[in-house]
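Me: Please take a close look at one part of this structure, the helical packing inside the longer partner, and set it in the context of the rest. I would like one connected account.

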Amino acid sequence: MTLGGWVSMVVSLTFVWGFAAWCYAKVLRGPKA
Amino acid sequence: MSGSVEVEQASAKADGWGSRLGVILAVAGSAVGLGNFLRFPGQAAQNGGGAFMIPYFVSLLILGIPIGWAEWTLGRRGGAHGYHSAPAILGRVSGQKAFRYLGVIGVLIPLVVYMYYVLIESWCLYYAVQYLTGGMDLGTDPGGYTKASEAVFTRATGIGGNGQLFAHGLDTENIVLIVVLVLNVWLCYRGLSAGIEKFCTYAMPVMAVCAVVVLIRVLTLGTPHPDHPERNVLAGLGYMWNPDFSRLWDFKTWLAAAGQIFFSLSVGFGVIINYASYLRRKDDVVLNGLTATATNELFEVGFGGMITIPAAFVFLGASGAVGGTFGLGFNTLPVVFQYLGPFGRWVGAIWFSMLFLAAITSSLSMLQPVTAFLTESLGVSRKRATSVLVGLVLPGVAWVMWFSKDLTALDTMDFWVGTTLIFVMGSLQLVVFAWIFGAERGIEEANHGSDARIPAWFRWVFRWVSPLFLLVVFVGFCIQSLPGYLKALADNPIALWTLGVVAVVASVLVFCVWKADERWSTDQGTERMEDAE
């Protein structure tokens, strides 16, 4: 696994996990959950 | 008011979502399917690895999310007028009769795709049952694993010859199919809240747990073959993620990324527009749409990107880690599980149970828009609409089952309806949203009641960027794939007849719209407008 592989994997995983966490946090905090 | 409209209204009142999380998980369940775990990793590994993620995320931002938002908004808007099917909603929102007939595509897609998807779903359950009952034994000779795995696939799918599945009579694979069909129809008949929503609310978390279990096992594989130290889990991850930036200059890479996003998110499928039509106008569509998308991406990149290719690479090397959805999922992975020894049986059972859950949450979402369409076009109850649905679906399923040689019928339906028409439907919805309803008005409509806001400048994306990108991708797709499939139509009569079956189904749906046309023209719908204006 090259450095580029690590970077693309970590960035992609951070994006999808972060995106999902942000969305669900906002949904569950919202008044209509 | 006519009796049929009363039935329609009663049906509309009976249907609805129980909770916000329920609708998000139902839409996400529709989107998460076999493609997340099997198609995505194959596409990424073959198109630049980590570099593939650049066009992939660009496509997500300018294609997947905007079309998704358009579909959620159109659906909720149509639902406010008491309509729940793509023909009625597009006709009502656009104010043009032609869109009622064009909207038939939004019913044809889920109906026809269901005819073959339910078979794939039954393969997943068949494999899961085989693993659970110890029936999945590929022998003791590693050299024979691949051949034995192919034999199981041939038996489950009937790929070796037409009519093979019928010749199996009531063997396990056909009993499993019957169980899957009954389960689908029963859950659909129970309705949105008690059937689909309830099922997805349990199925999605279970699917995530299964994915985590398999992921942990894959990441702890280490170097299982001492003779092949180069085949280790890090190298497997590298095979999936090492970027080849030179591939970014290849149009095919962008085409593959845009296609993956498009098909993965279930946009242009006729499902989201139907699901969103059961929301009230004060309900959120912007954040709900984003959350369903984020869930799909989590399963696709977070799990699909980490499991399939690395697992195949560790045991089979680079040559084993390539292949299409079926090759990777049903031929390669059983070999991988066999290499895992006794524990592999349970990993296989978990894996295929997870795929089955991914498939059934998708197939349920295909039945719902058709049921809603039949209900409001024929003016009948959900019960009767479900009966009509079964009458439409079963001959189609039997057709795909019978013409199973080389999966010709399945492949033909998948290309012409499950791929090509999705582009058409996605384009239609964008045109109605951004150009007929109006992008500014559409954004205002979407933001109403939503917990997140689409910025005003996004109108340029809706009006220009997404349609142009979609057009380029569609033209590229046609240039790349159409000649081969047109040749197949000329060379293989079964492919041509299958297209004839699709045409017959489309005619039935057009007839339903024609029958409802006068009523839809005069009826202002149930006008759930008390909170609309």
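Reply: The account below begins with the core and the helix packing, then turns to individual loop residues and to the contact between the chains.

The model is predicted, and every value given here is computed from it. The natural place to begin is the nonpolar core. The largest such core comprises 187 residues, and those with the most contacts inside it are Leu108(B), Ile109(B), Val112(B), Cys124(B) and Leu355(B). Helix 7 of chain B contributes the most to this core, giving 22 residues.

Two residues serve to illustrate the surroundings of this region. Cys124(B), one of the residues with the most contacts inside the core, touches Phe352(B), Leu355(B), Phe356(B) and Ala359(B) when residues up to four places away in sequence are not counted. Leu355(B) thus appears both in the list of core residues with the most contacts and among the partners of Cys124(B). The second residue, Leu119(B), is found in helix 7, which covers residues 105-132 of chain B. Leu119(B) counts as buried because 24 C-beta neighbours lie inside 10 Å, the cut-off for burial being 20 or more. Leaving aside neighbours within four places in sequence, Leu119(B) is in contact with Leu177(B), Val397(B), Val400(B), Met401(B) and Leu410(B). Of these partners, Val400(B) is 281 residues from Leu119(B) in sequence, yet the two C-alpha atoms are 8.4 Å apart in space.

The next subject is the packing of helix 18 of chain B, which spans residues 382-402. Two packed helices are described by the angle between their axes and the distance between the axes. Helix 18 of chain B packs against helix 21 of chain B, residues 493-522, at an angle of about 175° and with the axes 12 Å apart. The two helices are therefore roughly antiparallel to each other, since angles over 145 degrees are classed in that way. Helix 18 of chain B brings Leu392(B), Gly396(B) and Trp399(B) to this contact, and helix 21 of chain B brings Val501(B), Val505(B) and Val508(B). By class, the contact between helix 18 and helix 21 of chain B has five nonpolar residues, one polar residue and no charged residues.

A second helix pair offers a counterpart. The axes of helix 5 of chain B (residues 86-94) and helix 19 of chain B (residues 408-447) come within 10 Å and cross at roughly 20°. Helix 5 and helix 19 of chain B are therefore roughly parallel to each other, the class for angles under 35 degrees. The crossing of helix 5 past helix 19 of chain B is left-handed. On the side of helix 5 of chain B, Leu90(B), Val93(B) and Ser94(B) take part, and they meet Leu428(B), Val432(B), Ile436(B) and Phe437(B) of helix 19 of chain B. This contact of helix 5 with helix 19 of chain B has six nonpolar residues, one polar residue and no charged residues.

Between helix 18 and helix 19 of chain B runs a loop that holds Asp406(B). Although Asp406(B) is not a glycine, its phi is positive, at about 55°. Asp406(B) is partly exposed, with 14 other C-beta atoms within 10 Å. Ser266(B) also has a positive phi, of about 65°, without being a glycine. Ser266(B) is found in the loop between helix 13 (251-264) and helix 14 (272-276) of chain B. Ser266(B) is buried, with 30 other C-beta atoms within 10 Å.

Helix 20 of chain B, residues 458-491, contains Phe474(B). Phe474(B) is partly exposed, having 19 other C-beta atoms within 10 Å. Phe474(B) and Leu255(B) are 219 residues apart in sequence, while their C-alpha atoms are 8.6 Å apart in space.

The partner chain completes the picture. Chain A has one helix and zero strands, and its C-alpha trace spans about 45 × 5 × 5 Å along its principal axes. Of the 33 residues of chain A, 24% count as buried. The contact between the chains takes 19 residues from chain A and 26 residues from chain B. On the side of chain B that touches chain A, the elements giving two or more residues are helix 2 (20-31), helix 12 (233-241) and helix 15 (286-320) of chain B. Helix 15 of chain B gives the most to that side, with nine residues. The residues of chain B on that side divide into 14 nonpolar, seven polar and five charged.

How values were computed: Residues are numbered from 1 along each chain as its sequence is written. Chains are lettered from A and ligands numbered from 1 in the order in which they are written. This is a predicted model: local features need pLDDT of at least 70, side-chain atom pairs count only at pLDDT 80 or more; totals for chains, interfaces and linings use all residues. Two residues are in contact if their C-beta atoms, placed from the backbone, lie within 7 Å. Helices (H or I, at least four residues) and strands (E, at least two) are DSSP runs, numbered from the N terminus. Ala, Val, Leu, Ile, Met, Phe, Trp, Tyr, Cys and Pro count as nonpolar, Asp, Glu, Lys and Arg as charged, and the others, Gly among them, as polar. Axes are lines fitted to C-alpha atoms, for helices over the stretch in contact, and angles run from 0 to 180 degrees between N-to-C directions. Angles under 35 degrees count as roughly parallel, over 145 as roughly antiparallel, 65 to 115 as roughly perpendicular and the rest as oblique. A crossing is left-handed if the near helix is turned anticlockwise from the far one by less than a right angle, and right-handed if clockwise. A residue is buried if 20 or more other C-beta atoms lie within 10 Å of its own, exposed if 12 or fewer, and partly exposed in between; C-beta atoms are placed from the backbone. A nonpolar core is a set of buried Ala, Val, Leu, Ile, Met, Phe, Trp, Tyr and Cys residues joined through C-beta atoms within 7 Å.
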